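This report describes one protein model for a reader who has not seen it before. It starts with a single residue and then widens to the helices and the core.

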Amino acid sequence: MAQAPRERLNHLLELAAKGPAGRAALLGELADLLLDWPADYALAMRAPFETLFEKTAREVDAATRATIAARLEGHEELPVSLLNEFYFEAPAALRARILAMNEASDSELQEIGRA
């Protein structure tokens, strides 16, 4: 049986408290969740999980980030802010997409500034 969002978040926070090994497991579980978002989870719940994913990516070693980065390739639903955390460990195609997404974001900001 799948965990409710609050229970799952509590489990993930427990992993975070277990130090570096727990954070590696945490990052993997967060990737699983974000790449296959459960239909019964509200979309509004996604933001806290994305924030935890982004923060945890900064706290793990490069090898762990590289493993996760390989899993992120081809997933268009992830925001560029999350993908930026994996840029240096990402496969070449994902790095190119991250750069393109950042350029698009910069262009949109410049257009807003001109309005």
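Y41 is buried, because its relative accessible area is 4%, under the 20% cut-off. The model discussed here is a predicted one. Y41 sits in the loop that links α2 and α3. Leaving out residues up to four places away in sequence, Y41 is in contact with Q3, A4, P5, R8 and L33.

**Overall make-up**

The protein has six helices and zero strands, so that its elements, read from the N terminus, run α-α-α-α-α-α. The C-alpha trace spans about 50 × 30 × 20 Å along its principal axes. Of the 115 residues in the protein, 36% are buried. Among contacts between residues at least 6 apart in sequence, 47% join residues at least 24 apart.

**Helix α2**

Helix α2 covers residues 19-35. With 17 residues at 1.5 Å each, this helix should span 24 Å, and its end C-alpha atoms are indeed 24 Å apart, so the two values agree. The buried residues of α2 are G19, G22, L26, L27, G28, L30, A31, L33, L34 and L35. An α-helix has 3.6 residues a turn, so residues three or four places apart point the same way. The cover over the buried residues of α2 includes α1 (5-16), α3 (46-59), α4 (62-72) and α5 (80-84).

**How α2 meets α3**

Two packed helices are described by the angle between their axes and the distance between the axes. For α2 and α3, the angle is about 145 degrees and the axes lie 9 Å apart. Their crossing is left-handed. On the α2 side the contact is made by R23, L26, L27, L30, A31, L33 and L34, and on the α3 side by R46, F49, E50, L52, F53, T56, A57 and E59.

**The nonpolar core**

In soluble globular proteins, nonpolar side chains tend to be buried together. The largest nonpolar core in this model has 27 residues, and L12, F53, L72 and F86 touch the most other members. Each of α1, α2, α3, α4, α5 and α6 (92-114) supplies at least two residues of this core. The largest share, seven residues, comes from α2. L72 is in contact with L35, F53, L78, L83, F86, L94 and R97, not counting residues up to four places away in sequence.

**Two charged residues that are buried**

Which residues does E54 contact beyond its neighbours within four places in sequence? They are S81, L82 and E85. E54 belongs to helix α3, and it counts as buried because its relative accessibility is 19%, under the 20% cut-off. The side chains of E54 and R58 are joined by a polar contact of 3.0 Å. The C-alpha atoms of Y41 and E54 are separated by 19 Å, although these residues are 13 apart along the chain.

R97 is placed in helix α6. At 16% relative accessibility, R97 also counts as buried. R97 touches L72, G74, H75, E76 and L83, with residues up to four places away in sequence not counted.

The table sets out the three buried residues described singly above.

| Residue | Place | Relative accessible area |
|---|---|---|
| Y41 | loop between α2 and α3 | 4% |
| E54 | helix α3 | 19% |
| R97 | helix α6 | 16% |

Note on methods. Residues numbered from 1 in each chain as written. Predicted model: local features only at pLDDT ≥ 70, side-chain atom pairs only at ≥ 80, totals over all residues. Heavy atoms only, no water. Expected span 1.5 Å × (residues − 1). Buried < 20%, exposed > 50% of the residue type's maximum accessible area, 1.4 Å probe, protein only. Contact = heavy atoms within 4.5 Å. Core = buried A, V, L, I, M, F, W, Y, C linked by side-chain atoms within 4.5 Å. Polar contact = N/O pair within 3.5 Å; in protein donor to acceptor, adjacent residues only side chain to side chain. Axes fitted to C-alpha atoms, helices over the stretch in contact; angles between N-to-C directions. Left-handed = near helix turned anticlockwise from the far one by under 90°.
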